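Hello,

Here is the structure for you to look over. My notes follow below it.

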Amino acid sequence: MPGKSLLLLPLAAVLLAACAAPASTAVPQASGSTLACSPSSVPLVTPGTLTVSTSKPAYPPYVMDDNPASGKGFESAVAYAVATKLGFTPAQVKWSFVTFEQSYAPGAKPFDFGLQQVSITPERAKVIDFSTPYYSANQAVVALTKNTAASSATSVADLKQLKLGVQVGTTSLNYVTSVIAPTQQPYVFNDTDGAKRALNNGTIDAIVVDLPTAFYITAAEIPGSTVVGQFKGSDAAGQQWGLTLAKNSGLTACVDKALADLTTSGELAKIQDQWLSTEAKAPYFTQ
Amino acid sequence: MSPDPSSPGPAQTSKARSAPAGKPGSTPYVDPARRAQSRRKTRRDVTVASVSLVLFLTLVVILVSRLPGWPAVQAAFFDPQIFRSSFWPVLQALVVNIKIFLVAEVVILPLGLVVALCRRSTAPVLLPLRFVATVYTDVFRGMPTLLVVFLLGFGVPALNIPGLTPDPLIWGGLALVLSYGAYVGEVFRAGLASVHPSQTMAARSLGLSPLQATRFVVLPQAVRRVVPPLLNDFVSLQKDTALVGVLGPIEALRQAQIISYELFNFTPYVVAALLFIAMTIPLARYTDWLQSRQERRTSVAAPA
């Protein structure tokens, strides 16, 4: 019988060894003095085709009707604008659908670039490449109008007492824990659908989401809900969304250039005005 | 006291008598020389087995670490720094899982037993019970547990029944109870079926009522036989407590996912996996012990 536990020792040792040795992943930096960004010169997953990824399902106002190929919705429109700048025709753009995990799983990526409201953070940037930001989102709070304790909140202090729900993987959760620091542990859902359901059921008092999603929820999805307020952009890091690419992708510099061109020409701002509510106003929370 | 005609030799008789054979759990007499030899053999076997295991694992490690993609996989799944930083938050969140399965297991056992007894009832008047129990088992064993969790966790609170709690831990836990109650009911039913009908007949001939025969003769034997498969279901339940996370509470796997999404690294999942394994090991060893005790009882106790 004591032999059995002896046999386990080497197993444990090997497991420890697998964890202990630090990985040395020194990949040479992509170098290029003059940027050549054309469909024939950039490295692609499928030659001749720009493979763009997003989530399935994708949510409005970023992708309308869960169909990114329509070009309708903010992120869909941004993707086609970048593709056009890179020299691709809309017909050469193919969409692939990836889970959040797939965007940072080791190994070859099934896309050239992806966009699904991924916030740029230094930790994430160690694992994948981000483009320069294509949007800067403020965080906002959505509550049912009939829940007066939540819908009448005007300050961060008012929010502390609430049961808050967020979608996993969003910077909203960081926001909740670091800026609001609620007295009760926040509820975390797979997607905003789960959070919306819990809000309707009264399990939670309010949802924390990015502002465009907040306006979309109140206008089109949950009757009797309201955008209680938004946070000032500078309150926490990780509000800027970037296109996601494989680490050291040869395409990163090209999409950066495309985004820079779209910003200077005012095209990016135009896409933003078209798809993201700027008319509706939401008050800023005070401390 | 006349010498036993079947005893092997004069040198051993006294010892053989002092350790009476046939008593459950007692060690039968073994020649000391043979015992020493057998101990040497055990030691040699353990050494050979250990060396062989170490060689095998070393070979596996060397081969895997030489694969071109290994550094990337190692960085994504086995980052020592992330392992350390995520261990405590994931362990804290594991309390939610432990809470759920401890309460659920206590409720599941009687539920499963009742379902099994209902399904094995024979009285014509109890047909509705058999019907309900059979439909319950078919439906809840056949449905994906995740759907049961969604239905109870999101569906029932949406009915807006006054006075009903919207607490996702309670509804999620109840979903697991219903799902695993169906499995456990079938395990109990198999155990009950494994007790030979002659046991009931004998009990009845002694004057026990059908209820008494089930309670004092059939059930004790049935339950003892199904302990290993029952614990098997409980190990599975312990892992499935993570499903309650879809309703909002931050349990261990969700906490691992949160950190994984923050850092774009899978190591927190490995942490959660190790904790889940660690959580099931006590139960697994307890099952082994129960099983070996039962084997000892049934094999050694056989009369010579």
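**A β-α-β unit in chain A**

In chain A, strand β1 (residues 50-54), helix α2 (residues 74-86) and strand β2 (residues 93-97) form a β-α-β unit, and its hand is right. Please keep in mind that this is a predicted model. The two strands, β1(A) and β2(A), pair with each other in the parallel sense. The pairing runs over 5 bridges. For a marker, take T51(A): K94(A) in β2(A) stands opposite.

**The two chains**

The chains differ in make-up. Chain A has 10 helices and 12 strands. Chain B has 11 helices and 0 strands. Read from the N terminus, the elements of chain B run α-α-α-α-α-α-α-α-α-α-α.

Burial next. Chain A has 287 residues, and 44% of them count as buried. Chain B has 304 residues, with 30% buried.

Contacts far apart in sequence were counted too. In chain A, take the contacts between residues at least 6 apart: 73% of these join residues at least 24 apart. In chain B, for contacts with a separation of 6 or more, residues 24 or more positions apart account for 71%.

**The five-stranded sheet in chain A**

Chain A also holds an open sheet of 5 strands. The order is β8-β7-β9-β6-β10, and the pairing is mixed. At the edges are β8(A) and β10(A) (225-230), each paired on one side only. Neighbouring strands of the sheet are turned by 30 degrees against each other on average, direction ignored.

Look at β6(A) (residues 139-144) and β10(A). These strands run antiparallel, joined by 5 bridges. V142(A) stands opposite V227(A) in β10(A).

Two helices lie across strands of this chain. One is α7(A), which lies across β6, β7 (164-167), β8 and β9 (206-210) of chain A. Its direction is at about 160 degrees to β7(A). The other is α8(A) (residues 211-221), lying across β6, β9 and β10 of chain A. α8(A) runs at about 160 degrees to β10(A).

**The nonpolar core**

Nonpolar side chains tend to be buried together in soluble globular proteins. Here the largest nonpolar core has 134 residues. Which of them touch the most other members? They are V78(A), V82(A), V142(A), A206(A) and V208(A). Helix α4(B) (residues 80-120) gives the most to this core: 13 residues.

V82(A) deserves a look on screen. Setting aside neighbours within four places in sequence, V82(A) is in contact with V255(A), A258(A) and L259(A). V142(A) is worth a look as well: this core residue is the one that stands opposite V227(A).

**Where the chains meet**

How many residues does each chain bring to the contact? Chain A brings 38 and chain B brings 35. On the side of chain A that touches chain B, four elements each supply at least two residues: α1 (2-20), α3 (122-125), β8 (187-189) and α7 (192-201). The largest share comes from α1(A), with 10 residues. By type, this side of chain A divides into 22 nonpolar, 13 polar and 3 charged residues.

Two of these elements also belong to the sheet region. β8(A) is an edge strand, and it supplies residues to the contact as well. α7(A) lies across strands including β8(A), and α7(A) likewise supplies residues to the side that touches chain B.

Best wishes

Conventions:
Residues are numbered from 1 along each chain as its sequence is written. Chains are lettered from A and ligands numbered from 1 in the order in which they are written. This is a predicted model: local features need pLDDT of at least 70, side-chain atom pairs count only at pLDDT 80 or more; totals for chains, interfaces and linings use all residues. Two residues are in contact if their C-beta atoms, placed from the backbone, lie within 7 Å. Ala, Val, Leu, Ile, Met, Phe, Trp, Tyr, Cys and Pro count as nonpolar, Asp, Glu, Lys and Arg as charged, and the others, Gly among them, as polar. Two strands pair if DSSP finds at least two bridges between them. A crossover is right-handed if, with the strands pointing away from the viewer, the path from the first strand over the helix to the second runs clockwise. A residue is buried if 20 or more other C-beta atoms lie within 10 Å of its own, exposed if 12 or fewer, and partly exposed in between; C-beta atoms are placed from the backbone. Axes are lines fitted to C-alpha atoms, for helices over the stretch in contact, and angles run from 0 to 180 degrees between N-to-C directions. A nonpolar core is a set of buried Ala, Val, Leu, Ile, Met, Phe, Trp, Tyr and Cys residues joined through C-beta atoms within 7 Å.
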